[in-house]
Amino acid sequence: MSFDPLNLMGSLIFSGVGFIAFRYGKTTANFSLVAVGGVLMGYSYFTPTALLTWGVGAALTVFAWSLRD
């Protein structure tokens, strides 16, 4: 993980979205949403650039939005 400000900001934003998706999935017993929330909380450790962090985070957020009931 690089210490680029855009990468760090993307990590914080998408980890927060992941936490919210994880909690919502837990309360509604939606395992798919729990899994996507967990991935959103941790994927940024494996993305080397800010562009990749924001791209993957946006795609996973849209996917989590489509999984909600």
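User: Where does A29 lie in this structure?

Analyst: This is a predicted model, and all that follows is read from that prediction. In the model, A29 has a phi near 60 degrees, a positive value in a residue other than glycine. Most residues other than glycine have a negative phi. As for its place, A29 lies in the loop between α1 and α2 (31-42).

User: Is A29 buried or exposed, and what is its relative accessible area?

Analyst: A residue counts as exposed when its relative accessible area is over 50%. A29 is therefore placed in the exposed class, with a relative accessible area of 71%.

User: Which element gives the most to the lining of the largest pocket?

Analyst: The lining of the largest pocket is made up of V17, I20, A21, Y24, L33, T61, A64, W65 and R68. The elements that give two or more residues to this lining are α1 (5-27) and α3 (50-67). The element that gives the most, with 4 residues, is α1.

User: How do the residues of the lining of the largest pocket divide into nonpolar, polar and charged?

Analyst: The pocket in question holds about 190 Å³ of space, and R68 and T61 are among the residues that line it. Because Arg counts as charged, while residues such as Thr fall among the polar ones, each of these two classes is represented in the lining. The residues of the lining divide into 1 charged, 1 polar and 7 nonpolar.

User: Is W65, in helix α3, buried or exposed?

Analyst: W65 is one of the residues lining the largest pocket, and its place is in helix α3. Its C-alpha atom is separated by 18 Å from that of L12, with their positions 53 residues apart along the chain. Because 58% relative accessibility is over the 50% cut-off, W65 counts as exposed.

User: Which residues form a nonpolar patch on the surface together with I13?

Analyst: I13 has its place in helix α1, and its relative accessible area of 39% makes it partly exposed. Residues of a patch need over 30% relative accessible area, so I13 passes that condition. The patch has about 260 Å² of accessible area together, and the residues that join I13 in it are L6 and M9.

User: Is N7 buried or exposed?

Analyst: N7 lies in helix α1, and its C-alpha atom is separated by 17 Å from that of V39, 32 residues apart along the chain. The class of buried residues takes in those under 20% relative accessible area. Because N7 has 0% relative accessibility, N7 counts as buried.

User: How far apart are the C-alpha atoms of V34 and A21?

Analyst: V34 has its place in helix α2, and with a relative accessible area of 16%, V34 is buried. A21 is among the residues lining the largest pocket. These two residues are 13 residues apart along the chain, and their C-alpha atoms are separated by 6.6 Å.

User: What is the relative accessibility of F63, and in which class does it place this residue?

Analyst: F63 is found in helix α3, and in space it is 14 Å from Y43, C-alpha to C-alpha, with the two 20 residues apart in sequence. The partly exposed class lies between the limits of under 20% for buried and over 50% for exposed. At 42% relative accessibility, F63 therefore counts as partly exposed.

Notes:
Residues numbered from 1 in each chain as written. Predicted model: local features only at pLDDT ≥ 70, side-chain atom pairs only at ≥ 80, totals over all residues. Heavy atoms only, no water. 1 Å grid on protein atoms, 1.4 Å probe; cavity = no way out; pocket = protein on both sides within 12 Å on 5 of 7 lines; lining within 4 Å. Points joined across faces, edges and corners; volume = space filled by probe spheres on them. Patch = residues over 30% accessible without salt bridge, like charges linked within 9 Å, V, L, I, M, F, W, Y side chains within 5 Å. Areas by Shrake-Rupley, 256 points an atom, 1.4 Å probe, with all protein chains shown as cover. Salt bridge = Lys/Arg side-chain N within 4 Å of Asp/Glu carboxyl O. Buried < 20%, exposed > 50% of the residue type's maximum accessible area, 1.4 Å probe, protein only.
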